[in-house]
Each structure stands twice: as C-alpha cells, then as structure tokens.
Amino acid sequence: MTRPIRTLLIANRGEIAVRIIRTARSMGIRTVAVFSDADTDALHVAMADEALRIGPAPARASYLAIEAMIDAACVSGADAIHPGYGFLAENADFAEACLAAGVIFVGPPAAAIRAMGSKADARRLMQAAGVPVVPGYDGADQGIETLEAAAVAIGFPLLVKPSAGGGGKGMRVVGSATEFRDALASAKREALSAFGDDRMILEKYLGQPRHVEVQVFAARTGRTVHLFERDCSIQRRHQKVIEEAPAPGLSEPLRRELRNAAIACARAVDYVGAGTVEFLVTKDQFFFMEMNTRLQVEHPVTEAITGLDLVEWQIRVARGEDLPRAQDEIAMRGHAVEARLSTEDPEAGFLPQTGRLDHLRFPVELDGVRIDTGVRQGDDVSIHYDPLIAKVIAHGSDRSEAIGRLRAALAGTEIVGLKTNRGLLSEIVAHPAFAQGSIDTGFIEAHQADLFGRADHLDERILLLAAFAALRAQERSTAVDAADPFSPWGEPTGWRLGEPATLRVTLAIGERTMTLEGACRADGYVFDTPTGHVAVTGTVAADGAILARIGDRLVHAHGVIIGERMTLFVDGHEAAFELVDPRRPASELAVAPGRLTSPMPGLVVAVTAAAGQTVVKGAPLVIVEAMKMEHAVTAPRDGRIRAVKVAIGDQVAAGAELVVMEDAA
Ligand code: MV4
C-alpha cells in the first residue's frame with residue numbers, strides 16, 4: 001500500500017537540507033524548510049517552497065524540538081518529514097511522534113532505531129544473526145564484580161564503551177586490570193552526562209583498525225540490498241574527515257562477506273530505509289561495530305559510484321514503494337572520495353571558527369566534482385551548529401583519478417573570512433600514504449608531522465604576485481578622476497620627469513612587513529628583488545583573477561581583496577597579506593606582540609598562565625568553554641607571560657584579550 005508525498009518537510013539545516021530539497025524538487029515534491037533565528041537568511045530557506053521559523057538559535061530549542069517540528073509539519077500540511085542526519089534523525093521518540101501525528105517519517109521504524117541505539121542489544125542481535133562481533137561482554141548485569149571478571153576473561157587491552165552512545169564519547173582504552181575500575185568509573189560518568197545512560201559494554205581492543213561501512217537499503221516489501229562499502233578510517237576524535245567508496249585494498253571474498261553480513265544485520269532488525277552497518281576491519285578479519293539508522297553524511301560517494309540518488313530511494317521507500325533496483329541491477333563504477341570542509345582551525349586544536357564568509361568560491365566546473373554545501377558568500381557562520389559547511393566529492397574511473405580530481409577541487413576552493421580545514425584536507429589527500437591506500441583510524445595521528453604546522457606558503461613568486469595584484473588594485477583605486485582627467489593628482493603612477501615611474505607597496509603577513517618597489521612598464525612592473533630585477537606582467541581582472549608572467553613562467557592565481565587584506569590563492573596554496581598604507585605611521589604596523597585573545601565567546605574554565613611564568617610553544621594557558629566543548633588557548637611560541645587578563649568564571653567575547661606574552665629575556 002503506497003501513500004503519496006506531495007509536501008516534504010526537511011527537519012534539518014545546512015548542506016543536507018539543501019541536498020534533500022534538490023532531490024525532492026526533482027521528484028515534483030513541494031518542500032518546506034524550517035529555520036532557527038540563526039538561519040533566517042540560509043540557503044536551504046531560500047531554496048524551499050515554504051519556510052517556517054522553528055525557534056531560537058540553540059539547537060535544543062529549534063532543530064531538536066520534536067513538538068515544534070511536528071507542529072510545523074501540521075501547519076504546512078507536510079505529508080512527510082525527512083530528518084537528514086544528526087539532530088532528530090536517530091531519535092525513536094521523534095519517529096513515533098511523526099507516526100502519531102499521521103506524518104510519514106522518512107526513515108526506519110522506531111523499533112529498529114531503538115534496537116540499534118543500544119550497542120549491547122545490537123551485539124546480541126548480530127551474534128544471533130551470525131555476524132562476527134568483537135569478543136567482549138554485553139550483559140545486563142553491570143555490577144563491578146561482573147564487569148571486572150568479564151574484563152579479565154577478555155584480556156587487556158580492552159575498550160570500555162557506552163552501550164547508549166557513539167562517536168567515541170565515554171570510551172576508554174584500558175591497558176591493565178589495575179586501571180580498570182578507575183577507567184570504568186570515568187567512562188560511566190561521561191556516558192551518564194552525554195547520554196543519560198551509563199551502561200557499558202566491554203570489547204577486546206583491536207588497536208587501530210580500519211573503519212569500513214556498508215550502505216544497505218530495505219523496502220517494506222522485505223527486499224534488502226547493499227550498495228557496496230565505504231572506507232571512513234581517516235577520522236579525528238571520531239569525526240570522519242575523508243571518506244571513499246569502495247574501500248581500497250580489500251580482497252573480493254572479504255568484500256562479499258562484509259556486504260552479506262550487512263544485509264543480515266538489516267534483516268535481523270526488520271530494517272526499512274537507508275542504513276549503514278559499520279565494521280572494524282583488521283588485516284583479514286571484520287567485526288560488527290554499530291548500525292546507523294540514518295542517511296550518512298558520506299552517502300554521496302556511494303551515489304557517485306552507483307549513479308543512484310539515495311534520497312530519492314528514501315522517499316520512494318517512505319511512500320511504500322519497493323526498491324527501484326534489485327541487487328543484480330546495482331553496479332559499481334569507478335571510485336569516489338569525499339572531503340568534509342569545516343570551519344575549524346586544525347592549527348588550533350580544530351577550534352570551531354565563527355565569522356563571515358566574505359569570499360567563497362567552489363570549482364563547480366571541474367569534471368567529476370560535486371560540491372554539497374549549505375552556505376553562500378556573505379553568510380555568517382555561527383557557533384551553534386556543526387562546523388561542516390560543505391562536502392567536496394570527486395569521482396573518477398579509478399582511485400588515483402578520483403584523488404587527483406579531489407586535490408584539484410580542494411585547490412580551487414577559496415574561502416576568505418574565517419579559517420577552515422581546507423589546508424589539512426589538501427595535505428591528507430596529497431600524502432603518499434593516502435595515495436598508497438595505507439589508511440587506518442590512526443592515519444592523522446601517525447602522519448601529523450606531515451599534516452600540521454605548514455606555515456603560510458610564502459615564496460618569492462607569491463610575494464611578487466601579491467605585489468603585482470596590490471599595485472594593480474592601487475592603480476585602479478587611484479584611477480584618473482573623470483571630472484578632471486588632466487589633473488596631475490590623477491596620475492596613477494609615481495611618474496617623475498625623465499625616469500620610469502616607480503610604485504611602492506608594503507605588505508604585512510603575520511608579524512612581518514615587506515616593501516617592494518616596482519618600476520612601471522606598460523604591461524606590469526619590474527621589481528627589484530634579492531635575486532635581481534624580475535618583471536611581472538599580465539592582467540588582474542575585476543574579480544581578482546590574475547594571469548601573470550613572472551620571468552618566463554605564466555601563472556594563474558586569484559587575489560581576493562577585502563578591505564585592507566588580500567588573500568592570494570595560487571596552486572592550492574593561500575597567503576593572507578595586509579596591504580599597508582605607506583602613509584600609516586610605522587608604530588601601528590607592529591603587531592602587538594603576544595596578545596592572545598579568545599577565539600570565540602565563552603566561559604573561562606581554567607587559567608594555567610601566571611604573570612612572569614616562562615612557557616613553551618603549545619603550553620595551554622587559558623581554557624574557554626563554548627558549545628559544550630573546552631577550547632585551549634595555547635602559547636603560540638616560547639616566551640614569558642607578561643600579564644593574565646582573565647580569571648576562572650569570566651565570560652569572554654570572541655577577541656577578548658586573555659593573556660599578554662613577551663619574549664623571554
Ligand atoms: C574499537 C576500536 C578498537 N577495538 N573497538 C568506536 C567508535 C568509533 N568512532 C571508533 N571506535 C573504535 N572501536 C574495538 N573493539 C577502535 C575504534 C576507534 C578508535 C578507538 C579509540 C580511539 C580512537 C579511535 C579512532 C577510530 C576507531
């Protein structure tokens with residue numbers, strides 16, 4: 001029995017809301033967006049046929065508010081609600097509230113969500129279905145003696161895992177029996193705080209396995225299929241960073257076993273809809289880890305290699321239809337890799353960033369590249385939600401081509417206004433170990449020396465390009481005054497009688513300032529550099545696109561000037577300069593040495609800095625709590641604390657001065 005879906009409400013925001021709207025629209029379905037006060041001008045609101053305010057910015061009062069969501073569906077006449085991922089997507093109470101309100105929930109039955117919401121229940125179900133699980137304990141008896149005896153029987157090292165949670169929260173690796181009680185107590189406290197449930201399971205620790213997951217799909221007709229597997233091993237603190245499909249380097253027998261085990265998992269819980277079964281894979285074994293009862297962030301890599309639209313499948317199944325394809329009608333072609341682009345600073349402990357997207361450009365014209373984003377240039381990125389602003393997906397005929405295309409796509413992605421993890425993403429996909437497929441869940445940690453700490457890429461070529469673009473902008477801004485075209489003041493160059501005009505530009509980057517002099521030529525400048533005179537000629541378009549010849553090399557670049565700052569993008573690198581007005585007194589140029597400010601609004605929860613103290617680079621000085629996470633402000637270099645401006649309990653704004661450092665005498 002099928003039910004029509006004429007109007008679909010998307011109970012989500014950002015890139016996934018935009019993505020769902022796109023498919024719904026292509027199916028002729030009317031879409032209703034919901035938005036919090038922080039998302040009034042968001043892209044998903046602009047794209048939907050109708051949009052309803054769901055509440056204030058905090059997620060718990062808006063995107064997590066079950067009653068408000070149901071009300072919005074009733075008010076808008078929505079036949080169905082798509083939860084996306086995160087927020088209410090795996091909330092069984094929400095699925096039941098939809099059912100009770102007569103609104104179709106585009107997702108699995110509440111019972112399946114519940115069954116998979118408990119790791120202990122899921123393990124027992126999978127064991128009964130003959131799916132391998134990690135040797136461990138998942139009993140209802142949570143007495144310390146029982147758990148301790150089970151731990152000894154499993155052997156060490158082992159993992160203590162909350163049964164009710166995921167994402168690594170409340171998880172502890174325990175190396176020996178003596179550590180067990182304290183680790184268990186600590187894990188229980190964290191689980192209770194995060195999930196309201198401190199029941200634990202124990203598992204033999206498999207070290208740094210690979211994280212391989214299988215996409216499954218089931219219809220109410222009972223048909224259940226797999227859509228191949230994905231590798232999501234490159235994670236940071238249980239947040240996936242890079243995902244790909246299919247998983248590289250697995251034997252065909254192992255792939256078949258994983259895919260069949262995933263279908264068995266889905267059947268074991270009478271699954272309906274899109275689901276993902278996660279496995280831990282060691283060299284030749286695999287073990288069930290958990291089943292996610294939602295559409296995953298990384299589903300586009302599966303769509304790329306199968307050519308299928310998983311949201312369309314979700315909507316069809318929610319209408320009661322059978323799966324559009326039988327298993328033998330689902331084929332895989334090529335390889336796809338996805339990078340999650342987030343507004344967080346990998347050089348500052350992945351601190352979430354807030355600010356305005358003053359400049360935002362994606363290379364949408366590249367073959368095989370798909371960009372799923374929920375933001376537009378000019379958007380303000382707030383602190384309230386996940387820092388993911390876009391997914392960059394590249395598909396190729398094989399893994400190498402997909403990686404090459406992803407590298408080009410990341411190189412062509414330009415963001416000015418707040419920091420992102422783009423540089424880290426580029427370093428990962430360019431890393432030889434990644435290219436070889438030597439990936440496991442310890443990848444980022446194992447290669448951190450290669451992945452972090454690359455200073456702003458600054459070579460002579462970039463400096464010359466910056467000077468060239470700055471002078472061209474200077475000339476444009478002092479262009480001849482149309483009202484008095486012959487005024488000598490309108491002369492854009494430093495023209496002097498009998499001499500080639502020269503122009504001077506001063507650029508500041510970090511705490512350094514550099515001045516370059518360019519002798520004007522008809523088509524550019526000749527700069528006097530430490531390596532001699534270098535001519536830079538070419539064009540700078542109004543949109544900042546630079547086509548310059550430096551010596552005998554032709555370079556494409558992009559110079560984005562906003563206010564006094566220019567960000568230069570070239571060959572995937574970026575360097576941010578301050579264009580210094582030569583008339584500005586030098587004293588202002590000196591960047592106040594050692595002013596450490598709060599990266600975001602929050603509460604000071606710890607101060608380890610003390611006036612007169614000598615500190616080394618990286619030492620935590622102040623901890624600011626924001627968005628339920630602690631963010632350490634650390635010493636940017638060795639030095640001494642001159643002054644501490646805050647105390648525990650202070651509320652600080654973004655940019656508030658926390659500590660003043662000076663060079664140790
Ligand atoms: C494991 C494991 C090793 N052995 N389970 C569970 C949550 C998921 N995000 C990662 N999880 C793991 N489960 C067993 N029996 C290794 C991981 C794991 C991990 C564990 C601790 C710290 C970081 C990790 C990163 C990726 C995978």
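Which backbone atom lies 2.8 Å from a nitrogen atom of the ligand? A backbone N or O atom of Lys204 does, and the views below start from that spot. This is a predicted model, in which local features need pLDDT of at least 70, side-chain atom pairs count only at pLDDT 80 or more, and totals for chains, interfaces and linings use all residues. Residues are numbered from 1 along each chain as its sequence is written, and side-chain values use heavy atoms, with hydrogens and water left out.

**View 1. Polar contacts of the ligand.** Here a polar contact is a pair of N or O atoms within 3.5 Å; within protein, one must be able to donate a hydrogen and the other to accept it, and residues adjacent in sequence count only if both atoms are side-chain atoms. Besides the backbone of Lys204 at 2.8 Å from a ligand nitrogen, look for the side chain of Glu203, with an N or O atom 2.9 Å from a nitrogen atom of the ligand. His238 brings a polar side-chain atom to 3.1 Å from a ligand nitrogen. On its own the ligand has 520 Å² of accessible area, and the protein covers 88% of this. Such areas come from the Shrake-Rupley method with a 1.4 Å probe; for residues, only the protein chains shown count as cover.

**View 2. The shell around the ligand.** A residue counts as near the ligand if one of its heavy atoms lies within 4 Å of it. There are 15 residues around the ligand, and Lys161, Glu203, Lys204, Leu206 and His238 come nearest. Sorted by class, the shell holds 8 nonpolar, 4 polar and 3 charged residues. In this sorting Ala, Val, Leu, Ile, Met, Phe, Trp, Tyr, Cys and Pro are nonpolar, Asp, Glu, Lys and Arg are charged, and the others, Gly among them, are polar.

**View 3. The ligand and the domains.** The chain is divided into domain 1 (7-106), domain 2 (135-204), domain 3 (210-455), domain 4 (460-479 + 491-580) and domain 5 (595-662), with bounds from an automatic or database domain assignment. The ligand lies between domain 2 and domain 3, because both give residues to its shell. Stepping back, the C-alpha centres of domain 2 and domain 5 are 34 Å apart.

**View 4. An antiparallel sheet of 8 strands.** Strands (E, at least two residues) and helices (H or I, at least four) are DSSP runs numbered from the N terminus, and two strands pair if DSSP finds at least two bridges between them. This open sheet follows the order β14-β13-β10-β11-β12-β15-β22-β20, with antiparallel pairing. At its edges are β14 (286-292) and β20 (369-373); each has a single partner strand, so one side of each is left without a neighbour in the sheet. Inside the sheet, β10 (residues 210-218) and β13 (residues 273-281) run antiparallel and are joined by 9 bridges. Ala218 is a good place to begin, as it stands opposite Gly273 in β13.

**View 5. A parallel sheet of 5 strands.** The order in this open sheet is β3-β2-β1-β4-β5, and the pairing is parallel. Its edge strands are β3 (50-55) and β5 (104-105), each with a single partner strand, so one side of each has no neighbour in the sheet. The parallel strands β2 (residues 30-36) and β3 are joined by 5 bridges. Val34 has Leu52 as its bridge partner in β3.

**View 6. Backbone details in three loops.** Most residues other than glycine have a negative phi, and most peptide bonds are trans. The bond from Phe156 to Pro157 is cis, with omega near 0°, and Pro157 sits in the loop between α7 (144-154) and β7. Another cis bond runs from Ala245 to Pro246, with omega near -10°. Pro246 belongs to the loop between β12 (239-245) and α9 (252-268). Asp270, in the loop between α9 and β13, is not a glycine and yet has a positive phi of about 50°.

**View 7. Strand β39 and its partners.** β39 (residues 657-662) pairs with β32 (residues 595-597) in the antiparallel sense over 3 bridges, and Thr597 has Glu657 as its bridge partner. β37 (residues 639-644) also pairs with β39 in the antiparallel sense, over 4 bridges. There, Ala643 has Val660 as its bridge partner.
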